[in-house]
Amino acid sequence: MALTPPRQKLAGRIGALLGIILMALSLRAAVVSVPPLLGSIGPELGFDSFSTGLLAMLAPVVFAGFGLLTPRLIRWWGLEKVLVGAVLLAVAGQLLRAAVGDVASFLLLSTITLAGYGMGNVVLPPLVKKYFPDRLAIVTSGYVTMLAVGTWMAPQFSVPLSNATGNWRTSIAAWALLSAVVLVPWGIQIFRDRKTPRPDTPLVNGLVAAPPARINPWKSPVAWGLAIFLAGNSAQTYVYFTWMPPYLSEQGLDTMAAGSMLALFAILGLPVSLLVPLWVPRLRHPILAVLVFTAFWITGHLGLYLSPTEHTVLWVVSAGLGQGTFAIALLMMNLRSRSTYGSGVLAGFSQGLGYAGAAIAPLLFGIVKDATGGWSASFAMLGVCLIVMLTGAVMINGPRKIEDAKDEPEHYAELERVT
């Protein structure tokens with residue numbers, strides 16, 4: 001028996017689609033809009049090397065913590081209310097940190113901002129599964145693409161916006177407006193859905209099932225596999241975002257060229273975000289796609305290590321296309337779950353542990369470089385990340401779902417008629 005809700009008419013889902021796309025567009029702005037402005041923010045607030053490093057680690061650490069917490073909030077309040085709460089938290093954090101005058105307050109309010117976006121990271125996959133069970137591939141393609149656009153857009157326009165207004169604070173606060181717009185379609189959607197079942201309450205032939213039994217992701221090979229896969233993938237990405245410009249500058253590229261290579265790396269997440277959700281669901285064994293993108297990662301790593309100043313664009317393009325593994329991870333949150341509740345649990349667990357594992361990679365990359373006096377051992381770490389990622393890929397390659405981790409033989413209680 002199918003456990004997904006009946007298909008809704010498109011007219012009833014336009015608000016949800018708009019809300020998903022806008023949320024995806026705004027998710028990365030708070031993370032990547034600040035680093036380009038540190039040249040202005042740092043001297044005014046008093047950032048030093050330690051506090052700058054702490055700021056760089058905030059995103060994966062906070063995403064990890066709230067990734068593990070959010071599935072419980074979803075079970076209590078429902079997807080839409082959690083998302084609205086997340087947006088309100090993120091908007092408040094962004095606006096307030098634009099007004100502070102010291103490092104500690106800026107870091108605290110950045111934590112609040114990232115907490116909101118960490119919740120948003122977890123809520124998006126089950127929202128797609130709830131509203132578009134019949135269009136998972138194309139809607140996932142759309143929202144992952146908007147993640148890539150947002151990742152490129154914020155650093156691209158943060159400095160020009162700061163220069164145009166003569167104030168970095170205006171630039172920081174402006175991105176809060178993008179998040180605030182998300183409240184409009186979701187406010188309307190909550191009003192429309194106020195009499196519909198909770199997202200963790202599936203329908204079966206017009207009947208409402210009791211809430212599903214709790215899912216224990218700690219006992220699920222699928223959940224562990226996706227967490228390991230995401231950790232290996234994200235560790236490489238965070239290393240590139242943190243260390244590519246200083247590494248290339250040390251090898252002889254000028255600062256502007258090194259920054260342009262990072263922008264090129266970031267924007268290449270866009271084409272693979274469009275491709276992956278349309279291609280991977282057609283594969284019987286998704287690991288085949290993982291191997292293709294792993295080959296791109298390997299080519300990029302080796303090229304940048306062995307010949308960083310020759311054919312640099314080629315190596316960066318190759319590594320950038322390797323980011324298709326991240327799009328696969330997001331897609332698997334729905335392909336390896338049966339219900340919206342299961343998708344939320346899988347998203348929270350995999351992102352919680354995955355981002356926690358990835359958070360230490362940029363720090364270790366720098367520590368190893370300083371300890372050895374060269375880059376060889378640090379680049380060898382990227383090889384370890386690839387092995388970790390492939391280990392997770394093997395674990396999620398099979399058709400198992402996270403709901404299979406339940407202790408109860410029956411997933412749903414007796415059915416009750418809708419009143």
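Helix 10 and helix 17 meet through an extended list of residues: Pro221, Trp224, Gly225, Ile228, Phe229, Gly232, Asn233, Ala235, Gln236, Val239, Tyr240 and Tyr247 on helix 10 are in contact with Phe379, Leu382, Cys385, Leu386, Val388, Met389, Gly392, Ala393 and Met395 on helix 17. Contact here means heavy atoms within 4.5 Å. Helices (H or I, at least four residues) and strands (E, at least two) are DSSP runs, numbered from the N terminus. The model is predicted, with local features needing pLDDT of at least 70 and side-chain atom pairs counting only at pLDDT 80 or more, whereas totals for chains, interfaces and linings use all residues. Residues are numbered from 1 along each chain as its sequence is written, and side-chain values use heavy atoms, with hydrogens and water left out.

The axes of helix 10 (residues 221–251) and helix 17 (residues 376–395) come within 7 Å and cross at roughly 155 degrees. Axes are lines fitted to C-alpha atoms, for helices over the stretch in contact, and angles run from 0 to 180 degrees between N-to-C directions. The crossing angle therefore makes helix 10 roughly antiparallel to helix 17; angles under 35 degrees count as roughly parallel, over 145 as roughly antiparallel, 65 to 115 as roughly perpendicular and the rest as oblique. Helix 10 passes helix 17 in a left-handed crossing, a term for the near helix being turned anticlockwise from the far one by less than a right angle, with right-handed used if it is turned clockwise.

Beyond helix 17, the loop leading to strand 3 (415–417) contains Ile396. This residue is buried, with a relative accessible area of 4%; buried means under 20% relative accessible area, exposed over 50% and partly exposed in between (1.4 Å probe, protein chains only). Ile396 and Leu226 are 170 residues apart in sequence, yet their C-alpha atoms are 6.3 Å apart in space. Leaving aside neighbours within four places in sequence, Ile396 is in contact with Val222, Gly225, Leu226, Phe229, Met332 and Arg336.

Phe229 also appears among the residues with the most contacts inside the largest nonpolar core, together with Ile41, Phe106, Leu127, Tyr143, Trp186 and Ile328. This core has 114 residues, and helix 6 (residues 103–131) gives the most to it, with 14 residues. A nonpolar core is a set of buried Ala, Val, Leu, Ile, Met, Phe, Trp, Tyr and Cys residues joined through side-chain atoms within 4.5 Å. Leaving aside neighbours within four places in sequence, Ile328 is in contact with Phe229, Val276, Val280, Ala289, Val290 and Phe293.

Ile328 and Val276 also take part in a helix pair. The axes of helix 12 (residues 269–279) and helix 15 (residues 324–335) come within 9 Å and cross at roughly 40 degrees, which means that helix 12 is oblique to helix 15. The contact joins Val272, Ser273, Val276 and Pro277 of helix 12 to Gly324, Ala327, Ile328 and Leu331 of helix 15. The crossing of this pair is right-handed.

Helix 11 (residues 255–267) and helix 14 (residues 312–321) likewise form a right-handed crossing, with axes that come within 8 Å and cross at roughly 35 degrees. Within helix 14, Thr312, Trp315, Val316, Ser318, Ala319 and Gly320 are buried, and their cover includes helix 10, helix 11, helix 12 and helix 13 (287–306).

Across the chain there are 17 helices and three strands, and buried residues make up 55% of the 419 residues.
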